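Open your viewer, set the display to cartoon, and keep the selection box handy. This tour goes stop by stop, telling you what to select and what you will find there.

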Amino acid sequence: VSRLAAAVIIWVAARLVPSGMRARWREEWRGEMDAAASRGRGMMLRLAFGLPADALACRASTTRTRSGRGPWQTDAKQTLRALARSPWHVVTVSLCLGIGIAVSVTVFSILSSILTGDLPGVQDRGRLMRLYLRTDEASGPSSPGGASVDDYAVLKEGGPGIPAIAAEGRWEFAVRTPAGTLAVDGAFVSGNYFGVLGTQPALGRLLTPADDRAGAPPAAVLSHAFWTATLGAPAGIIGSTIVVGRQEVLVAGIAPEHFSGTDVGDLGEPPGLRYKIYLPLSMSPVLAPALRADERWLTVIGRATADRSHDALGAGLQPLAARIETAHPATRRNAGILVTKSGMGPRETMAVVALIITLMMSAPLTVLAIGCANVANLQLVRASLRARELAIRLSIGATRGQLVRLLIFESVFLAVLACAAGVFGTRLLLRLAALVIPFHVGIDWPVVGFVVTISVVVVMATGLVPAWLATRHSQALSLTGGSRSTSPAGSRVRRGLVVAQVALCLLLLLTAALFTRSLDALAGRVPAVAHDVVVAEVRFDTLGYSQPQRAAFAAALQERLRSDPRVQAVGLNSIAPLRHGERRFWLPGDSDDRLRAAHSWEVTPDWFEAAGLDMRRGRAFTTDEAQHGNAAIVDQGFIDKYRLVEPVLGTPLRLDRPIPAGREARSINDRPGSAVRTVTIVGVVSNAMARPIIPETPASLYLPLGDVPTYVAAYVRSSQPRDMLTQVRQTMAAIDRDLPAIGVSTLADRYTEDAGDIRLLAEAAAGLGGAALLLAVAGVYSVVAFFVSLRTHEFGIRLAIGARPRDIIGMVVRQASRLVLVGLIAGLVPGVPVLLFLGKAFPYASPFDPIGLLGPAAVLALTALAAASLPARRAAQVDPCTALRSE
Amino acid sequence: VPPTNPALSYTGLFVLQALAQGHRFGFDIMEVTGLPSGTIYPALRRLEALELVSSDWEKDLKARKEGRPRRRYYELTPAGRGQLREAEARFRAVGRLFPRRSTT
C-alpha cells in the first residue's frame, strides 16, 4: 500500500518538474524510494515529504539565473520564515486592516459613484448638468422640478456655455415578448439625448434627432440587460421590429451594458435595469395619450462646454425661462432655471454634500481606526517578543541598516497581505452591495490609495519599533531578557480600546438580533385569508386606453373570472395592494377648518368578499351607489378612531376634493373636477391588515369605484389560488394580448415581500455585527497577547515554584474575562436606550427577550475568551529555564 | 582554489562533507545527516548548479541485478573538494559530524 502511495506522490510531484528533466527525476526518486523501502515504511514516508520541495527546486533551477541569491532574496526568505513562525500575527493583522480598508473603500466608492462617479456609458459626467424649472404657485415658490414637453421645446435651444440640452421622461411600456406582453420600465428621450450623454451603442445605432422628428418611422433602443436577460440575446435583433403598446417599432440598437441614463435609481433595483427601452419623445402623444401637455414629468439635462458657475449657467438660460412664462403665464409664473451638477438634488450645496459624506464616512473610518489600533497593539507585542532575537543578530555582527532592511521587508510583506485582504474584501462587499444598489459601483482608486497609505504607514511605523528598541537599550539588557515594563497610561488606553470594541460589537449584535426576530415575527403576521387571494395589477395607460375601453375590459375580466367554478369572488380596487390613498373629510358637526384624514380606497361592491373582509353590519355598495358615488363603507378602526356614535349606519360624511396627485399618483385616482360631496355610511367591515410593518390598525374609508381609472388592482378569491395565478394571466391575455398583467401573485406573497426592508436592515446589522465581532476578537487577542508577553518572566517563576499550566491559562483568561465583562456592561448601558428606541420603531418582537439579549452577549463572550486562550496557552508553555535564565 | 562561495549554507556544507565521507546517493546522505529529504535534495540540486557536485547514473545492469530502479550517484568535483577544505579550516567541528562510511 505504501509503495502505491509513494508511486502516486511521485507521479503528482513530477508534474512540477520541468518536462525535460521529468523522466530522469522520476527514475531517481523511484531508486531512492526503493532504498528507503528496505528500511521500513516510516523512512519511506519521511522521504516522501521531500518530494515536492525537490520538484520545486528543480523547477526553480531552470528559471533562476545562475548568479545565486542577492541580499534581497535572503531578506525575503528570512521574512517569510519569521512570519511563518507567527501565523496568528499575520492573520490578525491582515484581518484588522483588511476589514478597515474594505469597509472604508466600499462606502466611499458608493458615495462617490452616486455623486461624481462615472456613469456607465456616459462620457465626462463632471460637465453634465441637471436643469430644474422653478416657478411660483399660488402659495409661493414651488420646489424646483421637471419640465413639460412644451417647456422642453423651448429649453432645448440651450444657452451660453450649455449649448446642448436633452430630456428623458420615465414611462411604463407594454412590450410584446416571447413570454407574453410585459410592462416594461423605459423612457421617452429627446433625439439629442444619447449625443449629449456621449453614449456609444453596444450594437446598431442609438436614437438621433432624425428619429425624434414628427412623422419619422418609430424606432427604439433596448437596454443591454433587456436584450440579454428578457429577450434571450437573439442575433439579428437590429433592424427587426418589436411591438410596443400595439405600435410596431424598429429596434435601432442596443445601449451599452449597465447604461441607465443619468439616474442612479432606487435601492433594491438591480444595476442597469432602471430603463429597459428608450423611445423618441415625439412618440409620447401616441403611446401616452393620457399625459397632459403641461405635465412636468421630464428630467432635463445639459452638457456644459465652458467652466462657468452653476448660477451663471442658470442666468444664461433666463431668456428661455421668460419665454416659457409667456407661453403659459398661469402655470409658469416667475419661471427660472436652476442648474446643478448631475447627481445632486436641487437643494443640495457642496456644504451639505460634504456634511453627508462626513457623516456617512465616520462609521467606516472608525472601523479603520480600530483596525489600525489593533494592529499597532499586535506589532508592539511582536516587537517586545523579538527584542532578544534582534539583539542576538546585532551582537553577532548585523548592522543596524541590515536590521532595518529586514524589518522593512516584514512590514511591507504584512502591508501587502493586508491590502490584498482589503481589496478582496472590497470586491466581496461591492458584490453584496450590487444586490441592493441599482447602479454600477467601481472601486474608487484614489480612496484605495489614501486608505492603503494609512495602513502601510501604521504597519511600517509599528514594524520598525523593534529596530529602535533593539538599538536603544544596551545589548546585554536585551539579551538577558529585555525590558518588562510598560507605562500604565499606555495600558489603560489599550484596555479602554478593547472595552469600547466589545461594547460596540455587543450593540450591533443586539440590534441584529432584534431585527432578525422582528423579521420572523413579521413573517407570521400574514392573514390566513391572504393565501386564497390572487392579485393582478392592470395599467391601462401603457396602451392609452380610453374610458369606455377601460370599462369594457374591466367588465369582461370580472365576468370571465366569475364564470370559473374555482373562483368565489372578484373585485377591483383603485389602489395597489398594501398601499393606500388618503381622503380628507368632515364629520357631522365639524367646523370647516377641522379636516380629518383617513386611508381610503375606491372599490367595486364585490371587492370586500374578494379581499376576505367580513361585512359586519349594513351592506355592500349597490350599482346605483357605485354610479353616483354617494355611499361609503368604514371599518371598525374608523369607528374607534373617530368615536362615531350609534347608529353609525346612515352617518353622513362630507368629503373634501381628492388630494392633488403628483405624476406618480396620476394612475391611482385623480379625477379632476371632483368637488366637495357628501356620502352616507352604508356598511361596516372588519379591519383589513395594512402593511405587516405597520402595527396599528388604520382607520379605513372605502368609497365606491365609479369610472374605471387608468390603474386597477384585481382581487380574485379562490380555493385553488396556485391554479388561479396562470388562469388570471391567461384570462387577461385572452381579452387583450397587448395589455400586460403586472405582479400576478397571492396577497400573502405581497405581505411577505413587504417585510423586505426589515430583512435588509437585519442583514446589514448582522454584517456589521460580524465585522465588529472579528475586530473585537482581534482586539482582545492583541491586548492579552501583549500582557502575556510582558509577564513571561513572572509566568516562568510561577511555573518554577509549582504552578500548573492550567493555573496560568486560568489566570490569563480570568484577566481577559474581566475586560470582556466590563465591555459587555459598557455595551448594555447605551444598548438599553437603543433597544428601547428600536423597539418603538419596530414593535414586532420584544426588544428585551432573554434569548435576544443573552445570545449575542454569550456569543461575544465565548469568542473573545477563545481568542484570549491562544496567548494564554502560549503563556503556559513558557519554559521556566528560559524565563529565568536572565537572572 | 576558487573563492569562497557566499551562498554555501550549513546544509550545503553537510552535504559536501557527507559526500566526501563516501555517502554517495540522496537517501544515504539523508540518513547520515539526519536532515529531511526536503532539505537534502534541493541542496544537492543547488550544489550541482554551482558545479561543486556532479552526478552520474549507475549502470543499468547493476540495478537490474539487484532488482530495483537505477540510482543517481553524486560525487565532489575538484571545486567542491576545495570548497569543503576551506570550510573545514573555518569550521573544524564539521569534520567530526558523522562517521566515515564503512562500505562503499
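## Stop 1: Chain A as a whole

Start by colouring chain A by secondary structure: 28 helices and 22 strands make it up. Keep in mind as you look around that this is a predicted model. Chain A has 887 residues, and 48% of them count as buried. Its contacts reach far along the sequence: of those between residues at least 6 apart, 80% join residues at least 24 apart.

## Stop 2: Where the chains meet

Now show chain B as well and select the residues in contact. You should have 23 residues from chain A and 23 residues from chain B. Together the two chains bury about 2,000 Å², with 54% of that area on carbon and sulfur atoms. Which three residues of chain B supply more of its buried area than any other three? Select B:Phe27, B:Arg45 and B:Trp57, which supply 29% of the area that chain B buries against chain A.

Next, look at the polar side of this contact. Ten residue pairs, both members at pLDDT 80 or more, are in polar contact between chain B and chain A. On chain B, the elements that each supply at least two residues to the side touching chain A are helix 2 (26-33), helix 3 (37-49) and strand 2 (72-76). Helix 3 of chain B gives the most, with seven residues. Sorted by class, this side of chain B holds eleven nonpolar, four polar and eight charged residues.

## Stop 3: Salt bridges across the interface

Side chains of opposite charge can pair when their charged atoms come close. Between chain B and chain A there are four salt bridges, while the whole structure has 29 over all chains. One to zoom in on runs from B:Arg45 in helix 3 of chain B to A:Asp54 in helix 3 of chain A. The closest N and O atoms of B:Arg45 and A:Asp54 are 2.6 Å apart.

Are these two partners buried or exposed? B:Arg45 counts as buried, at 8% relative accessibility, and A:Asp54 is buried too, with a relative accessible area of 0%. Add A:Glu28, B:Glu48 and B:Arg72 to your selection, and you will see a network of salt bridges that links them with A:Asp54 and B:Arg45.

While you are on helix 3 of chain A (residues 41-63), select A:Arg59, which also belongs to this helix. A:Arg59 is partly exposed, with 43% relative accessibility. Leaving aside residues up to four places away in sequence, A:Arg59 touches A:Leu16 and A:Pro18. Its C-alpha atom is 9.2 Å from that of A:Met21, a residue 38 places away along the chain.

## Stop 4: Two salt bridges within chain A

Select A:Asp307 and A:Arg127, whose closest N and O atoms are 3.4 Å apart in a salt bridge. This pair links distant parts of the chain, 180 residues apart: A:Asp307 is in the loop between strand 10 (299-303) and helix 10 (310-316), and A:Arg127 is in the loop between helix 5 (87-115) and strand 1 (128-137). A:Asp307 is exposed at 73% relative accessibility, whereas A:Arg127 is partly exposed at 27%.

Then go to A:Glu602 and A:Arg583, which meet in a salt bridge at 3.8 Å, N to O. A:Glu602 lies in strand 15 (residues 596-603) and A:Arg583 in strand 14 (residues 581-586), so the pair ties together parts 19 residues apart in sequence. Both A:Glu602 and A:Arg583 are buried.

## Stop 5: Backbone and cysteines

Most residues other than glycine have a negative phi, and most peptide bonds are trans. For an exception, select A:Glu646 and A:Pro647: the peptide bond between them is cis, with omega near -10°. A:Pro647 sits in the loop between helix 21 (636-642) and strand 18 (652-655) of chain A.

Two residues with positive phi come next. A:Ala233 has phi near 50° and lies in the loop between helix 8 (224-230) and strand 7 (241-244) of chain A. B:Glu51 has phi of about 65° and is found in the loop between helix 3 and strand 1 (53-57) of chain B.

Finish with the cysteines. How many disulfides are there over all chains? The count is zero. Take A:Cys96 as an example: the closest cysteine sulfur, in A:Cys372, is 9.2 Å from its own, too far for a bond. A:Cys96 is buried at 2% relative accessibility, and A:Cys58 is also buried, at 1%.

Definitions and conventions:
Residues are numbered from 1 along each chain as its sequence is written. Chains are lettered from A and ligands numbered from 1 in the order in which they are written. This is a predicted model: local features need pLDDT of at least 70, side-chain atom pairs count only at pLDDT 80 or more; totals for chains, interfaces and linings use all residues. Side-chain values use heavy atoms; hydrogens and water are left out. A disulfide is a pair of cysteine sulfur atoms within 2.5 Å. Buried means under 20% relative accessible area, exposed over 50%, partly exposed in between (1.4 Å probe, protein chains only). Contact means heavy atoms within 4.5 Å. Buried area is the accessible area (1.4 Å probe) that two parts lose on being put together, summed over both. A salt bridge is a side-chain nitrogen of Lys or Arg within 4 Å of a carboxyl oxygen of Asp or Glu. A polar contact is a pair of N or O atoms within 3.5 Å; within protein, one must be able to donate a hydrogen and the other to accept it, and residues adjacent in sequence count only if both atoms are side-chain atoms. Helices (H or I, at least four residues) and strands (E, at least two) are DSSP runs, numbered from the N terminus. Ala, Val, Leu, Ile, Met, Phe, Trp, Tyr, Cys and Pro count as nonpolar, Asp, Glu, Lys and Arg as charged, and the others, Gly among them, as polar.
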